[in-house]
There are 2 protein chains.
Amino acid sequence: MTTTVVLPQPYLLFLGDETEPGYAKTAFGLRDWAPEKCIGEYVTSDDAVATGLPRISLAEATERGARSLVIGVANRGGLISAAWIPTLLEAITVGLDLVNGLHARLGDIPELVEAAARHGRRLIDIRTPPANIPVATGAKRTGKRLLTVGTDCHLGKKYTAMALTAAFVARGKNTDFRATGQTGIMIAGGGMPMDAVVSDFEAGAAEILSPAAAEDHWDVIEGQGSLFHPGYAPVSLGLLHGSQPDVLVVCHEPGRTRMLGTAGFPVATVEDALDLNLRHASLTNKAVRCAGVSFNTSRLSEEDAVALMERESARLGMPVADPMRGGGQFDRLVDACLA
Amino acid sequence: MTTTVVLPQPYLLFLGDETEPGYAKTAFGLRDWAPEKCIGEYVTSDDAVATGLPRISLAEATERGARSLVIGVANRGGLISAAWIPTLLEAITVGLDLVNGLHARLGDIPELVEAAARHGRRLIDIRTPPANIPVATGAKRTGKRLLTVGTDCHLGKKYTAMALTAAFVARGKNTDFRATGQTGIMIAGGGMPMDAVVSDFEAGAAEILSPAAAEDHWDVIEGQGSLFHPGYAPVSLGLLHGSQPDVLVVCHEPGRTRMLGTAGFPVATVEDALDLNLRHASLTNKAVRCAGVSFNTSRLSEEDAVALMERESARLGMPVADPMRGGGQFDRLVDACLA
C-alpha cells in the first residue's frame, strides 16, 4: 500500500561549514517550529552558523537518540555538495538515516546508496513522492478535515494550520497536522510533497494524506498555492478535491496587491477565494463551510491589525484573526472551526 | 530551451504477434486518424491482427521513408514484452527511432539504450514529459487559442479539437492541432503528455505547448479530464490556465449520468461546465468566450440527435453540434468559433 513520506525523529541538524544564515533556513525553521524534535546541530567548521542547539558529534547524537541527520542548509541550485559526502557516509555508518529536502536527490549518489544498503539505513528525499499513488476516487472518508486555502502563495497557510492544530489539541480534540510542503513535512515528521506529485495523481495524493479516521478526529491540512495563481492552481485544486474538507479557512495578507512569481496578477479578494474554494470543495463534500479568515498582519502595528480584523470580521460576517497575534479574535476563529 | 514531445514521421506500426484487436487500439487509431503518416505495419506472426496497411519488413519501411517504429499494441499491464526486443533492436539497426506510448519505458531497458546510443537513434517514451518545464507565469502570448473542455473524461474532446482543426484549415485559417494525450500526440506527431506532468509545472507545460504565434494563427488544443472530475481536475485546470484560450467549446455526452472512474459522481451539466471553465479561464484571458457545445451523440439515431441538438441550441443560446455528424449544425459551431 502506498503511504505518505515518514521521517525518523528526532533529528540532528547538519550545517556543514555554512556561514550564511540565509542558506540555513531549514535548520532555523526546525529549531523554531519543532525544537523538541531536534537533538542538536552538526558542523564541519567552527565558523559555521549556529542554531543555538547543542553542537555535538554524530556519535553523541545517536547516543542521545537521534534517528536521522537532516540536511539543514541549501546552497544555490539546491545541490548536494561533494564536501558533505564524508559526513553523510559517517552518519550512515553510525546508524543515522539521511533526510534531504533539496531538489538534488540523495538517491542519485551511488556511494550513499551503496553505504545505506550495506548499513540498512534509509536515504529520504522529501521532494520525491511515494510510488504508486492512485487516481482519486472521491469516495467519502470518515473523520473531520480542515484545509487552509489562500488568496496567494506564501502568506501563512502552513502557519495557520499549525496554530489551529495546537489550538484544537489544547481544547482536547484528537488532531493531526497534515503537512504538504517540504518545511511542513520536516516539522511534522511526515506528509506528502504535493507540488512534486504528477497531475493525474494529485487529488489521489491528498486522499492518502488524510485517511479515514474516527468520527471525532480532526486532520488539519496545510494548504498549497491558490486557485487564482496561474502557475500553482493545479496543486491547490487537487489538494482541495482530495482533502474533501469539512471546514475551510481562507488565508490572506492585507496590503499585498500582486501575486508572487506571476506576470503582475492581482491577489484575489477574500470573497472570491471563499466562493471559488467552496464551489470546488462541494464536489467531494457537500457540507463544506468556511469558518473564517486568517490574516497575515506582520507588516501592521498591533493596534492597526486588530482594528482592521474587527472591521473585516464585521464586513464578512465571520471571524478574522492573525494566529501569530492570538487573542480573542483567534479564539473566535477556533470556535467557528469547531462549531 | 524546453520543447514539447516531437515524433519522427512517417511511422511503421508494430503489431508483433498480437491476435486480439482490442490490444491493438493504438495501431487502429493511427490508421483511422493519421493514415497519411503510416507507411505500413510490421508483424512477427502471420496470425497477427491486420490494420489493412501494407505488411512490410523493417528494411522496406526505411526504403519507403519510415522514420520511426511505433509500438501499436498494448498488453495487459502496459509492459514492453521481452518477445519484442529482437525486433526493436533490429529496427534501431536499420535506422528507425522507437516510439512508445505504454506506461513501461523504452529508456529503462539497457540493451535498447545501448543500441540506440551506438546507432544514433532515439527512444521516445511519449508518457515521459520533457525535462525542465518551467512554472507558468500567466504572461499573455500572441495568436489565437481554442480549448475543448468537458463535463467528464472520454467523451470527445480530442475528436472535437481535431474536427475543428480540419474545419479551420478548410476555411483557410493557419491552424495547429495541439495534442495533450498519448493518442493525440501520436496522431499529431507531437504534443505534451499533460497527465504525466508534475503538478507544479502543469500550467507551465500548457504554456509551452501553445507558444506565441502570429496574430491570425489558431492553436486548437485537445482538452483533458474535467474540472468536475474528483481525480483529474488538476490536469484540466492547469491546461485551462496555461492555454489562456480565447474560445472554449464544451464537450458533453447526452445521457451519460455518472462520471467515469469515480465513486458515482454525477456528470456536470453543460451550464455548470461553461460557467466554471469561463471563470477560471478569465484569470489568464479576460476576453475568453464560449463558442458553443460539442455533443457526442453516438448512441442516438441521426433524427433524434439532430432534434436534440436543435432543442439544446435554442435553450442554451449557442450552437450545439456533433462533429462526427457534421452538417449545418457543425458549420454554425465553426462560424461561432471564428466569429
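**Group meeting: a predicted two-chain model, from one loop outwards**

Let me start with a single residue, Gly95(B), which sits in the loop between helix H3 (85-94) and strand E5 (97-100) of chain B; helices here are DSSP runs of H or I with at least four residues, strands are runs of E with at least two, and both are numbered from the N terminus. Gly95(B) counts as partly exposed because it has 16 C-beta neighbours inside 10 Å; on this scale a residue is buried if 20 or more other C-beta atoms lie within 10 Å of its own, exposed if 12 or fewer, and partly exposed in between, with the C-beta atoms placed from the backbone. Its C-alpha atom is separated by 7.5 Å from that of Arg67(B), although Gly95(B) and Arg67(B) are 28 residues apart along the chain.

Before I go further, a word on what we are looking at. This is a predicted model, in which local features need pLDDT of at least 70 and side-chain atom pairs count only at pLDDT 80 or more, while totals for chains, interfaces and linings use all residues. Residues are numbered from 1 along each chain as its sequence is written, and chains are lettered from A and ligands numbered from 1 in the order in which they are written.

Now to the fold of chain A. Chain A is divided into domain 1 (5-125) and domain 2 (144-338), with bounds that come from an automatic or database domain assignment. The C-alpha centres of these two domains of chain A lie 30 Å apart. Twelve residues of domain 1 of chain A are in contact with ten residues of domain 2 of chain A, where contact means that the C-beta atoms of two residues, placed from the backbone, lie within 7 Å. On the domain 1 side, strand E1 (5-6) and helix H1 (25-33) of chain A each supply at least two residues, and H1(A) gives the most, with four residues. By class, that side has seven nonpolar, four polar and one charged residues; Ala, Val, Leu, Ile, Met, Phe, Trp, Tyr, Cys and Pro count as nonpolar, Asp, Glu, Lys and Arg as charged, and the others, Gly among them, as polar.

Staying with chain A, five strands form an open sheet in the order E3-E2-E4-E5-E6, with parallel pairing; two strands pair if DSSP finds at least two bridges between them. Strand E3 (38-43) and strand E6 (123-125) of chain A stand at the edges, each with a single partner strand, so one side of each has no neighbour in the sheet. Strand E2 (residues 11-16) of chain A is joined to E3(A) by five bridges, and the two run parallel; Phe14(A), for instance, has Tyr42(A) as its bridge partner in E3(A).

Just before E2 there is a backbone detail worth checking on the screen. A cis peptide bond joins Gln9(A) and Pro10(A), with omega about 5 degrees, and Pro10(A) is placed in the loop between E1 and E2 of chain A. In chain B, a cis peptide bond joins Gln9(B) and Pro10(B), with omega about 0 degrees.

How do the two chains relate to each other? A rotation of 180 degrees with 0.0 Å of shift along its axis superposes chain B on chain A, with an RMSD of 0.1 Å, the fit being by least squares on the C-alpha atoms of residues with pLDDT of at least 70 in both. That is the relation of a two-fold axis. The same surface serves both copies, in that 100% of the contact residues of chain B recur in chain A.

The contact takes 31 residues from chain B and 31 residues from chain A. On the chain B side, helix H7 (202-209) and helix H8 (233-243) each supply at least two residues, and the largest share, six residues, comes from H8(B). By class, that side of chain B has 18 nonpolar, ten polar and three charged residues.

Helix H7 (residues 202-209) of chain A is largely enclosed by the rest of the structure, because eight of its eight residues are buried. Among them are Glu202(A) and Glu207(A). What covers these buried residues includes strand E8 (175-178), strand E9 (190-191) and H8 of chain A, together with H8 of chain B.

I will finish in the loop between helix H8 (233-243) and strand E11 (247-252) of chain A, where Gln244(A) is found. Phi of Gln244(A) is near 35 degrees, a positive value in a residue other than glycine, and Gln244(A) is buried, with 26 other C-beta atoms within 10 Å.
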